[in-house]
Amino acid sequence: MKTNEVNFKFDLFVSHNEKDTAWVKNVLLPELEVHSQPPFKVCVYSRNWLAGRNISESIVESLTLSRHTLLLVTNAFAKSQWCQFEMTMAQHRLIETDNDNVVLAVMEDIEPINLNPRLRLMMKRKVYLQWTDDEVGRRLFWKRLKQMLQSDGGSLVEAFPQRHELHSALT
């Protein structure tokens with residue numbers, strides 16, 4: 001089922017480590033929910049999940065109810081098993097729905113020891129946003145993020161080269 005055929009409760013589910021909650025609350029949410037027109041509807045675990053509910057069920061539900069998933073990659077994210085689970089579930093959903101709706105934002109230099117094979121491959125194969133302390137870079141970060149959130153992720157199957165295209169590229 002294509003994302004434009006589904007009614008979502010949220011524009012975005014933010015997958016992040018709890019150590020990055022202050023940045024999400026004080027920077028990301030105001031930018032997307034207050035300073036954007038129209039405002040984006042954002043799902044974050046600290047306010048949208050019910051206390052006492054199974055975490056894995058909450059993750060799956062958040063992914064299902066959201067048009068896009070933002071993976072907020074920090075060293076803490078890369079080391080967290082829950083964040084890795086969220087990333088894995090987002091990738092499964094991407095394949096299941098044939099919609100590349102995962103947005104990757106790298107917020108700091110990731111130490112090589114923290115890069116597991118799945119995250120390393122995702123960073124190698126996917127264009128991602130890079131947070132910077134530079135004012136112009138930050139404006140570009142917000143502009144690109146909002147553009148990504150307003151677009152349909154696109155089909156993975158349709159984007160995959162056809163057999164004859166692969167053959168001609170290899171010969």
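In this predicted model, the axes of helix H5 and helix H6 (residues 117–125) come within 11 Å and cross at roughly 55°. Angles of 65 to 115 degrees would count as roughly perpendicular and angles under 35 degrees as roughly parallel, and the crossing angle therefore makes H5 oblique to H6. The handedness of this crossing is left-handed. On the side of H5 the contact is made by Met87, Thr88 and Gln91, which meet Arg118, Leu119 and Met122 in H6. Sorted by class, the residues of this contact of H5 with H6 comprise three nonpolar, two polar and one charged.

H5, which spans residues 81–97, also packs against helix H3 (residues 55–65), with the two axes 10 Å apart and at an angle of about 40°. H3 and H5 are therefore oblique to each other, and H3 passes H5 in a right-handed crossing, whereas the crossing of H5 and H6 is left-handed. The residues that H3 brings to this contact are Ile55, Ser56, Ile59, Val60, Leu63 and Thr64, and those they meet in H5 are Trp82, Phe85, Glu86, Met89, Ala90 and Arg93. Eight residues of the contact of H3 with H5 are nonpolar, two are polar and two are charged.

From the helices we turn to the sheet. Five strands make up an open sheet with parallel pairing, and their order across it is E2-E1-E3-E4-E5. Strand E2 (42–43) and strand E5 (129–130) are the edge strands, each of which pairs on one side only. Within the sheet, strand E3 (residues 66–73) pairs with strand E4 (residues 102–106) in the parallel sense over five bridges, and one point of reference there is leucine 71, whose bridge partner in E4 is leucine 104. H6, already met as a partner of H5, packs on the sheet as well, where it touches E3 and E4, and the direction of H6 makes about 95° with that of E4.

These elements can now be placed in the whole chain. The protein chain contains nine helices and five strands, and, read along the sequence, they follow the pattern β-α-β-α-α-β-α-α-β-α-β-α-α-α. Of its 171 residues, 44% count as buried. Among the contacts between residues at least 6 apart in sequence, 76% join residues at least 24 apart.

How values were computed: Residues numbered from 1 in each chain as written. Predicted model: local features only at pLDDT ≥ 70, side-chain atom pairs only at ≥ 80, totals over all residues. Heavy atoms only, no water. Axes fitted to C-alpha atoms, helices over the stretch in contact; angles between N-to-C directions. Helix = DSSP H or I, 4+ residues; strand = E, 2+ residues; numbered from the N terminus. Parallel < 35°, antiparallel > 145°, perpendicular 65-115°, else oblique. Left-handed = near helix turned anticlockwise from the far one by under 90°. Contact = heavy atoms within 4.5 Å. Nonpolar A, V, L, I, M, F, W, Y, C, P; charged D, E, K, R; others polar. Pairing = 2+ DSSP bridges. Buried < 20%, exposed > 50% of the residue type's maximum accessible area, 1.4 Å probe, protein only.
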